[in-house]
Amino acid sequence: MALRNIVKLGDPILNKTSRQVDKFDDRLSTLIDDMKETMYQENGVGLAAVQVGILKRVVVIDVGDGMMELVNPEITDKSGEQREIEGCLSLPGKSGVTLRPMKVQVKAQDRNGKWHIYTGEGLKARAFCHEIDHLDGILFTSKVIKDVQN
């Protein structure tokens with residue numbers, strides 16, 4: 001495993017749409033392992049592959065209840081709403097209150113290509129939405145309803 005550099009605001013790759021993963025191989029496993037190590041090193045709760053310069057639909061999330069690896073994730077259901085403070089490893093020092101669903105269901109593959117259904121509430125729902133937005137070139141700043149001073 002290796003630490004990867006996190007792409008920062010201003011890099012145009014953050015605004016691009018990531019490609020579907022169709023090869024489930026050692027390169028994908030290495031990417032996922034590196035993303036996990038990088039996210040933990042930076043004290044994050046989620047990281048999308050685009051944030052390490054790779055335009056693939058891959059996300060890792062750990063909100064304190066264990067690591068989740070999501071390949072080709074799709075939100076299949078959402079309900080409720082929450083207004084909470086969000087930040088981003090690619091936008092250090094920036095945060096704001098966003099409006100997100102309270103509960104989200106996600107369909108995603110694992111590193112071997114097997115499909116799974118995940119449900120998240122609260123912080124996990126927010127992390128799902130935030131990281132999947134990254135895969136579509138969307139930054140949390142476009143969802144901010146109230147700025148927060150750091």
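## After helix α2

Just past α2, G137 adopts a positive phi of about 75°. Helices here are DSSP runs of H or I with at least four residues, strands are E runs of at least two, and both are numbered from the N terminus.

This is a predicted model, where local features need pLDDT of at least 70 and side-chain atom pairs count only at pLDDT 80 or more, while totals for chains, interfaces and linings use all residues. Residues are numbered from 1 along each chain as its sequence is written, and side-chain values use heavy atoms, with hydrogens and water left out.

## Helix α2 itself

Now for the helix. The 13 residues of α2 (residues 123–135) should span 18 Å at 1.5 Å a residue, and the end C-alpha atoms sit 19 Å apart, which agrees. The expected span is 1.5 Å times one less than the number of residues.

Twelve of those 13 residues are buried, so α2 is largely enclosed by the rest of the structure. Buried means under 20% relative accessible area (exposed is over 50%, partly exposed is in between; 1.4 Å probe, protein chains only). Among the buried ones are F128, C129 and H130, along with charged-letter entries such as K124, R126 and E131.

## Helix α1 and its ends

Helix α1 covers residues 26–41; its 16 residues should span 22 Å at 1.5 Å each, and the end C-alpha atoms are indeed 22 Å apart. At the N-terminal end, D25 acts as the cap, with a side-chain oxygen 3.2 Å from the backbone nitrogen of R27. That's a polar contact: a pair of N or O atoms within 3.5 Å, where within protein one must be able to donate a hydrogen and the other to accept it, and residues adjacent in sequence count only if both atoms are side-chain atoms. Just after α1, N43 has a positive phi of about 60°.

The buried residues of α1 include L28, I32 and M35, and the buried set packs against β1 (46–48), β2 (58–61) and β3 (68–79).

## K36 and the strands

K36 is part of α1 and counts as buried because its relative accessibility is 19%. Leaving aside residues up to four places away in sequence, K36 touches V60, M67, E69 and R111; contact means heavy atoms within 4.5 Å.

V60 has E69, in β3, as its bridge partner. Strands β2 and β3 pair antiparallel over four bridges, where pairing takes at least two DSSP bridges. Their hairpin has six residues between the strands, and G64 there takes a positive phi near 110°. Strand β3 also runs antiparallel to β6 (residues 103–109), joined by six bridges, and K78 has V104 in β6 as its bridge partner.
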